[in-house]
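Q: Could you take me through the ligand site in this one, up close? I'd like to know what holds on to the ligand and what sits around it.

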Amino acid sequence: MKLGVIGTGYVGLVSGVCFAENGNHVICMDVDAKKIERLKKGDPVIYEPQLEELLKKNIEEGRVTFTTSLKEVTTKTDVIFLSLPTPPLEDGSVDLSRVLDVAGKMAKYITKYKIIVSKSTVPVGTCDKIRKMIAKKARAKFDVVSNPEFLKEGAAVDDFMSPDRVVVGTRSKKAAEIMNELYSSFMRISDRFILMDERSSEMTKYAANAMLALRISFMNELANLSEKTKADIGMIRIGIGTDDRIGSSFLFPGVGYGGSCFPKDVKGLLKTAEEYKFDFKILKAIDEINHNQKLVLVNKMLKHYKNKLKGRTFTIWGLSYKPRTDDLREAPALTIIENLLSYGAKLNVCDPVADENFKMLYGKKFKGVKIFKDNYAALKNSDGLVLVTEWNEFRRLDMDKMKKLMKNRVIFDGRNIYNPKFIKSNGFKYYGIGR
Ligand code: NAD
C-alpha cells in the first residue's frame with residue numbers, strides 16, 4: 001500500500017519504518033526540516049532499539065522516503081497517519097491545534113478517496129472534528145479513522161511489529177477492510193484486530209493509559225503504607241502479582257510515572273470528564289499521588305541529612321523517564337533535580353543515552369549540574385547516590401570502588417533494584433521505596 005505518515009517522532013517514525021519493513025511504500029513528512037535531512041541520511045534522531053538498522057535498510061531498499069511537503073505526502077499516498085504531538089495545555093486539556101491545523105491544510109490536496117488515520121492520542125470526539133475540518137475543502141470522498149498507538153518507548157519496534165492488539169475505530173466498511181488488510185501482515189500469529197466505533201477507539205487509548213497509571217499509583221501508595229507498617233512491598237508485589245486475576249505487570253513501586261503519555265493522558269481524560277460534568281474521583285487521586293511520589297526520594301534525603309542539603313554533592317543515576325529511551329518528558333529525575341537544586345545541593349548526573357538531550361534541553365535551566373559519561377566518575381566526593389532510572393548499566397554495584405569514591409556512604413534507590421542486605425553489609429546506609 002502507499003502510506004503517508006505526518007509527524008516523524010517516536011510514534012510516526014517507528015510506524016513509518018515498520019510499515020515499510022512489511023512491504024508498504026511509505027512517505028514520512030515532518031515540519032522540522034533539519035530532522036527530515038537527518039532522517040534521509042538514515043539517522044533516526046531519537047534513540048530507540050533496532051530503529052536505526054530498520055531505517056537504513058528500508059531507505060536503501062527504497063520503501064521509505066522523507067519530505068517536508070504536506071502536498072507530496074497527501075497526494076502521493078492512500079492511507080495517511082497523523083502522528084502529531086497532542087501535548088497538554090496549561091489547564092490539562094489536550095492541545096489539538098497541530099492535528100486540526102494539518103487536517104485543514106491537507107484537505108485541499110484530497111482529490112481522490114483517502115483514509116486519514118488519527119494515530120495520535122486524542123480525546124473522544126476528535127475524529128469528528130478532523131472530519132469537519134477536511135470536509136470544508138476536500139474534493140473527493142474520504143474516511144477518518146481512529147487507530148490509537150500502544151507501542152512502548154524502549155521496545156517500540158518490537159511492539160509495533162508484534163502488537164498485542166490493533167484497535168481501529170471506524171463505521172466505514174471500506175476503511176475497515178483496508179485497515180484490516182494493512183495490519184494483517186503484523187498479525188500472523190494471532191489475529192487481534194479489534195474493530196469498533198471512533199469514539200470507543202479514542203477512549204480505549206485513554207482507558208489503557210489511565211489503568212496502567214492507576215496500578216502504578218496504587219502500588220506507590222501501598223509502598224508508602226508498607227514503609228510505615230514495616231511490611232515489604234517487594235514481597236507484597238509477588239504475593240499479589242501471582243494471582244492471575246491481578247497479573248504481575250505494572251506493579252513496581254518507584255518514584256512516580258513520567259513520559260509523554262501517562263501524565264498527559266490522565267490529565268486529558270480528567271478534562272474530558274470535566275467537560276461532561278462527570279466527577280472522575282479515582283483519576284484525580286492517581287494524578288495527585290503521582291505528583292507526591294516524584295518527591296519521595298527528596299523527602300527521604302531531607303530526613304537523612306536533617307534538612308541540610310545545601311553545599312552537599314549528590315549523584316543521580318538515570319535521567320530518562322524509563323530505561324532504553326532518551327525521552328525526558330515529565331521524567332521524575334527533572335522534578336528531583338529541580339528540588340535538590342532549590343535546597344542548594346550540587347549535582348552530578350549520568351544517563352547512558354539521555355545525557356545529550358538533558359544537556360540540550362535543560363543545560364541552561366539546571367546550570368551547574370555536572371553531566372558525566374562514566375557513572376562511577378560521577379560519584380567522586382558524593383554525599384549520596386540517588387538511583388532514579390533502572391538502566392541495566394546501573395544494576396551491578398562495584399562497592400569497593402564506591403567506598404573509595406564517595407564521601408558519604410548512602411544510597412537512595414528509587415526503583416528498588418538493589419539488595420538492601422548486600423548494600424548494608426558493605427557499610428552503606430540504604431533507602432528504598434516501601435521496604
Ligand atoms: P513526538 O513529539 O516525538 O513527534 C511528533 C513529531 O511531529 C515531531 O517530529 C514534530 O516535529 C512533528 N510535527 C509537529 N507539528 C507538525 C506539523 N504541523 N506537521 C508535521 N509534523 C509536525 O511525539 P510522539 O511521542 O511520537 O507522539 C505523537 C502522538 O502519539 C501523541 O499524541 C502521543 O500522545 C501519542 N503516543 C505516543 C507514544 C509514545 O510512546 N511516545 C505512544 C503512543 C501514543
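A: Let's start with a backbone contact: T121 has a backbone N or O atom 2.9 Å from an oxygen atom of the ligand. That makes a polar contact, meaning a pair of N or O atoms within 3.5 Å; inside the protein, one must be able to donate a hydrogen and the other to accept it, and sequence neighbours count only if both atoms are side-chain atoms. Y10 also uses a backbone N or O atom, at 3.1 Å from a ligand oxygen. K264 comes in with its side chain instead, placing a polar atom 2.6 Å from an oxygen of the ligand. On its own the ligand exposes 830 Å², and the protein buries 89% of that (Shrake-Rupley areas with a 1.4 Å probe; for residues, only the protein chains shown count as cover).

Before going on, a word on the source: this is a predicted model, where local features need pLDDT of at least 70 and side-chain atom pairs count only at pLDDT 80 or more, while totals for chains, interfaces and linings use all residues. Residues are numbered from 1 along each chain as its sequence is written, and side-chain values use heavy atoms, with hydrogens and water left out.

Now the shell. There are 27 residues around the ligand, with D30, K35, T86, E153 and K264 the closest; to be near, a residue needs a heavy atom within 4 Å. So K264 turns up both among those closest residues and in the side-chain contact above. By type, the shell splits into 10 nonpolar, 8 polar and 9 charged residues (Ala, Val, Leu, Ile, Met, Phe, Trp, Tyr, Cys and Pro are nonpolar; Asp, Glu, Lys and Arg charged; the others, Gly among them, polar). Helices α1 (10–21) and α5 (97–106) each put at least two residues into that shell; helices here are DSSP runs of H or I with at least four residues, strands are E runs of at least two, and both are numbered from the N terminus.

Then there are the rings. The structure holds 17 aromatic pairs. Y257 and F262 have ring centres 5.9 Å apart and planes at 75°, so they are edge-to-face (Phe, Tyr and six-membered Trp rings pair with centres within 6.5 Å; planes under 30 degrees apart are stacked, over 60 edge-to-face, the rest tilted). F19, F81, F160, Y183 and F186 are linked by ring pairs into a cluster.
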